[in-house]
Amino acid sequence: MQVDYIVLGQGISGTFLSYFLMQQGASVLVIDAMKANSASRVASAVINPVTGRRVVKTWMIDDILPFAEKVYNEIGEYAGMKDVMQSCPVLDFVPTQQMLDAFTKRVDENADYISFSADENGMREYFNFPLKIGEIRSSYNIALWELLAAYRQRLQENSMLLEEHFNWDNCILADSKVFYKDIVAKKILCCEGVEGGANPYFQQLPYAFNKGEALIVSIPGLPQNNIYKMAMTIVPLQQKDLFWVGSNYQWTYEDELPSRFFRTNTENYLNHWLKLPFEVKDHIASVRPANVERRPFAGLHPVYSSIGILNGMGSKGCSLAPYFAYQLAHHVLYAKEIELLADVRRFEKVLSK
Ligand SMILES: Cc1cc2nc3c(=O)[nH]c(=O)nc-3n(C[C@H](O)[C@H](O)[C@H](O)COP(=O)(O)OP(=O)(O)OC[C@H]3O[C@@H](n4cnc5c(N)ncnc54)[C@H](O)[C@@H]3O)c2cc1C
């Protein structure tokens, strides 16, 4: 079998990369082992343009957000889905006076993104909270789990998916070709998430993986048109009354499994924050493919030109992956430049050893 490109991995990175390559007429084979708890299949899938204690805009968001608005709808249409990316304000329950001061300062500076919620009294019906509620507009909720499944089905229908665990022992890189079993391609583009840490060509990159968990909770009566955030975040899911509740960041962990500590802690927190009864339906966990610089790894290997990478999305895959998948696709096809701070060639020295 001969194809232009092998895309390794069908998380959000491999999904968008294969889509953009196909859009330009390239032939693609996606190889993915269907890991039920890959980061993309556990994520709450929120794009929040304003984050952190200082409520500042995230990196490159003024370019990335309009791009995401366009391409999520396009890929959704291709996969036969509507409303993949839905506008969904984040109601930010400000927990301390210090954070309230920071938020107030930002409201004055960034009035287009944030304000104070007009429905504070209405929210007292559902939540206990000490101070005010900030409202972050231009935030979005992505139906990512549904998108990945629908896109995978399209790949299957078009015989573009090989569902197996890719074994590097069966892969040979030549100057302008890649051989994997009976498949010959011009390049292999690796979108492996945390498994990228074992990729023999890119394992020197400065990954800093961290584990995160979430509960899937039924909360009848809680409106599903907002994301609610205090120390935990409550994100509406596609099914009636269901919400994703998380998360935490663990830089040292023994396994990728859900932990009793997280479940107890989160249930206690919900009991204190929520006035409504709730029922835990599921408990999920995964590892974020983060790195010390908090910038993606996108581009071709500085030594082996038949292998490339799209990884390092950290906690922001939903906003970063579409944008840099497009850049990588156009780099590979038309030699277009990749944003310097995301280009994997910044690690040329370590990758050349
Ligand atoms: C709890 C939690 C909450 C999160 N919330 C958000 C959020 O709200 N917003 C946001 O933007 N991001 C969020 N993230 C981060 C987001 O999930 C990641 O940035 C993103 O999913 C990374 O996508 P990826 O495609 O690069 O990797 P992955 O999703 O890990 O996909 C990699 C794929 O490659 C496959 N693969 C790897 N190696 C092989 C191999 N050798 N053979 C076959 N298949 C292989 C895997 O099976 C997998 O399907 C969250 C993450 C976690 C854990």
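Which domains does the shell around the ligand draw at least three residues from? In this predicted model, the answer is domain 1 (2-43 + 145-206 + 292-351) and domain 2 (86-140 + 208-288), with bounds taken from an automatic or database domain assignment. Residues are numbered from 1 along each chain as its sequence is written, and side-chain values use heavy atoms, with hydrogens and water left out. Local features need pLDDT of at least 70 and side-chain atom pairs count only at pLDDT 80 or more, while totals for chains, interfaces and linings use all residues.

So much for the setup; now the ligand. It is surrounded by 36 residues, each with a heavy atom within 4 Å of it. D32, S40, S44, F166 and G314 are the closest. By type, the shell splits into 13 nonpolar, 15 polar (Gly counts here) and eight charged (Asp, Glu, Lys and Arg) residues. Helix 1 (12-23), strand 19 (279-288) and helix 7 (317-334) each chip in at least two of them; helices (H or I, at least four residues) and strands (E, at least two) are DSSP runs.

Some polar contacts (N or O pairs within 3.5 Å) stand out. The side chain of S44 places an N or O atom 2.6 Å from a ligand oxygen. For V46, a backbone N or O atom sits 2.9 Å from a ligand nitrogen, and a polar side-chain atom of E195 is 3.4 Å from a ligand nitrogen. Of the 1000 Å² of accessible area that the ligand has on its own, the protein covers 96% (Shrake-Rupley method, 1.4 Å probe).

Notes
A polar contact is a pair of N or O atoms within 3.5 Å; within protein, one must be able to donate a hydrogen and the other to accept it, and residues adjacent in sequence count only if both atoms are side-chain atoms.
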